[in-house]
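Visitor: I've got the sequence and the model open side by side. Could you walk me through it, one question at a time?

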2 protein chains.
Amino acid sequence: MKEKLIIIKIGSHILDDASLMEECLDNFSKIKEKKILILGGGDYATRLSDKMEVSVQKVEGRRITTKETLEVVTMAYAGKINKSIVTALQALGCNGIGLTGADGNCIQCHKREVTEVDYGFAGDIDNINTELIESFLNLNLTPVFCAITHDQKGQLLNTNADTIASEIATAFSKHYRVELKYLSKQKGVLKDMDDKDSVILNINEQKFKKLKEENTITGGMLPKIETALKSVLNGVYKISIGDSSILSDSKGSYTTIKSIGK
Amino acid sequence: MKEKLIIIKIGSHILDDASLMEECLDNFSKIKEKKILILGGGDYATRLSDKMEVSVQKVEGRRITTKETLEVVTMAYAGKINKSIVTALQALGCNGIGLTGADGNCIQCHKREVTEVDYGFAGDIDNINTELIESFLNLNLTPVFCAITHDQKGQLLNTNADTIASEIATAFSKHYRVELKYLSKQKGVLKDMDDKDSVILNINEQKFKKLKEENTITGGMLPKIETALKSVLNGVYKISIGDSSILSDSKGSYTTIKSIGK
């Protein structure tokens, strides 16, 4: 049987909540299997942009990365957020190493082509350097990725952290039994946002289509689930969405993304 | 004979000059031996502090690191500067990996004790994780350190980049023939600041005392040379100060720091 690899994605809702974050890192550090952490942090970047008087533009929830925005997100994601989390993990006995896609050329991207929208310095992933990342895992290091990548031609790029998580998960699924967990403030994807216990336990392509049509799933959750369904189809063993309890307990109620094709 | 290890420290004077920086990185990337790059960047951090309305306080050229300053320097050093240099090196075919002392617990420090001056979140070095850094070198990675460290208890700290350079050099000198090169805009330490060719070729303890008394060497150059003399005494093979030509040519005129004790 393939060795297990646990990949966890944490976004702004948790990063901005000190006590939730503490709980998550504590649970994360106790995972005994090889593990990788992926950090978002868009809300912090937005606050930093305001402070630095850099205007924030978004199209369908995706940030337009101007030259000034790239500087802000590099400072926020690769600097402040990444290093705070790495040092917090170190204090918990978890040997974290903070990485962008540029470090060791771990994630190679190209600048997104301009079509109807010019996303600026947004990077779409060409290659995950699984060989080097695996060397880090074998050194008992826990890679902590942020949403900054590069094009190997000297240009840093801004890449969605959910996408990084699913691409790393897919790339590793050839040799590992990969479980990808998207951490959320809620117990999972909710049927009714006002009822925190209305967790949708399973989502596949058919159900997703229905939930989308009914407007039960909207906004940023749409691309997240679309990407997740693709990843499961491409070999990722299990993808789940839930609160920090999914880091320690696999029996609770949370959302599992499954593909009909699997 | 011990294997060579080249350690280069680059500070603000070069980091802030795009064409000089390009020349330096080009020369650096061509070094065939194992190599480590250490980056300063205090001037950029000062400009960022101004932009973010964080006041900058210094005592004898050393920054007082308040909580707000720590956030600024973490963003500047670990984020913006480090990642820009790493991606530039990648474009030159040099497999850089950007690191703080927290990443992989590479540099463990303690918060400087408060005596006459409270330096705030300034870190003094306790340990260099040569084993892990050597693993990176053996993976053909080029570590690129910035001036951020940690205490392994969850606190990031600000540590002088010259000190990081000399401590890494000293730690590695047990198993490597370490050459530490401090890059400067000038050809070396100058006797007369108005004469760019008045390079002082050799400095030892006696000469340093004399140059200090005569006020030929002042300001930030004083702790740099004091630290260098200590490092040579503690096993570093060669320490030099000069412009980017010292990266490719060892025959030019530049300043060499030698200890009488060696």
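Visitor: What is the strand order of the open sheet in chain B?
Guide: Keep in mind that this is a predicted model. In chain B there's an open sheet of 8 strands with mixed pairing. Its edge strands are S5 and S12 (202–203), each pairing on one side only. Reading across, the order is S5-S8-S2-S1-S11-S13-S14-S12.

Visitor: How many bridges join S1 to S11 in chain B?
Guide: S1(B) covers residues 3–10 and S11(B) covers residues 176–183, and the two run parallel. One pair to look for is Lys4(B), which sits opposite Arg177(B) in S11(B). The number of bridges joining these strands is 7.

Visitor: At what angle does H8(B) run to S14(B)?
Guide: H8(B) lies across S11, S12, S13 (238–242) and S14 (255–257) of chain B. For another helix, take H4(B), which lies across S2 (34–39), S5 and S8 (142–145) and runs at about 170 degrees to S5(B). For H8(B) against S14(B), the angle is about 55 degrees.

Visitor: Which element gives the most to the side of chain B that touches chain A?
Guide: In total, 34 residues of chain B are in contact with 34 residues of chain A. On the chain B side, H4 (67–91), S5 (96–99), H5 (130–138) and S9 (148–150) each supply at least two residues. The one that gives the most, with 13 residues, is H4(B).

Visitor: And how many residues on that side of chain B are charged?
Guide: The side of chain B that touches chain A divides into nonpolar, polar and charged residues. There are 13 nonpolar and 15 polar ones. The charged count is 6.

Visitor: What kind of axis relates the two copies?
Guide: Chain B superposes on chain A after a rotation of 180 degrees with 0.0 Å of shift along the axis, at an RMSD of 0.0 Å. The copies are therefore related as by a two-fold rotation axis. The contacts tell a matching story: 100% of the interface residues of chain B are also interface residues in chain A, so the copies meet through the same surface. Your answer, then, is a two-fold rotation axis.

Visitor: Over in chain A, why is one side of S5 and of S12 left without a neighbour in the sheet?
Guide: Chain A has an open sheet of 8 strands in the order S5-S8-S2-S1-S11-S13-S14-S12. S5 (96–99) and S12 (202–203) of chain A stand at its edges. One side of each has no neighbour in the sheet because each has a single partner strand.

Visitor: Which residue is the bridge partner of Asn202(A)?
Guide: S12(A) is joined by 2 bridges to S14(A), residues 255–257, and these strands run parallel. So look in S14(A) for the partner, as that is where the bridge from Asn202(A) lands. The partner is Thr256(A).

Visitor: Are the residues on the two faces of S5(A) buried or exposed?
Guide: S5(A) is joined to S8(A) by 4 bridges, running parallel, and Gly96(A) stands opposite Thr142(A) there. Gly96(A) and Gly98(A) are on one side of S5(A), with Ile97(A) and Leu99(A) on the other. Both faces are covered, and all four of these residues are buried.

Visitor: Is Cys24(A) buried or exposed?
Guide: Cys24(A) is in H2(A), residues 18–29. Beyond its neighbours within four places in sequence, Cys24(A) is in contact with Ile10(A), Ile14(A), Leu183(A), Ser244(A) and Leu247(A). The cut-off for a buried residue is 20 or more other C-beta atoms within 10 Å. Cys24(A) has 21, so it counts as buried.

Visitor: What sign does phi have at Glu53(B)?
Guide: Most residues other than glycine have a negative phi. Glu53(B) lies in the loop between H3 (42–51) and S3 (58–59) of chain B, and it is exposed, with 8 other C-beta atoms within 10 Å. Its phi is about 55 degrees although it is not a glycine, so the sign is positive.

Note on methods
Residues are numbered from 1 along each chain as its sequence is written. Chains are lettered from A and ligands numbered from 1 in the order in which they are written. This is a predicted model: local features need pLDDT of at least 70, side-chain atom pairs count only at pLDDT 80 or more; totals for chains, interfaces and linings use all residues. Copies are superposed by least squares on the C-alpha atoms of residues with pLDDT of at least 70 in both. Two residues are in contact if their C-beta atoms, placed from the backbone, lie within 7 Å. Ala, Val, Leu, Ile, Met, Phe, Trp, Tyr, Cys and Pro count as nonpolar, Asp, Glu, Lys and Arg as charged, and the others, Gly among them, as polar. A residue is buried if 20 or more other C-beta atoms lie within 10 Å of its own, exposed if 12 or fewer, and partly exposed in between; C-beta atoms are placed from the backbone. Two strands pair if DSSP finds at least two bridges between them. Axes are lines fitted to C-alpha atoms, for helices over the stretch in contact, and angles run from 0 to 180 degrees between N-to-C directions.
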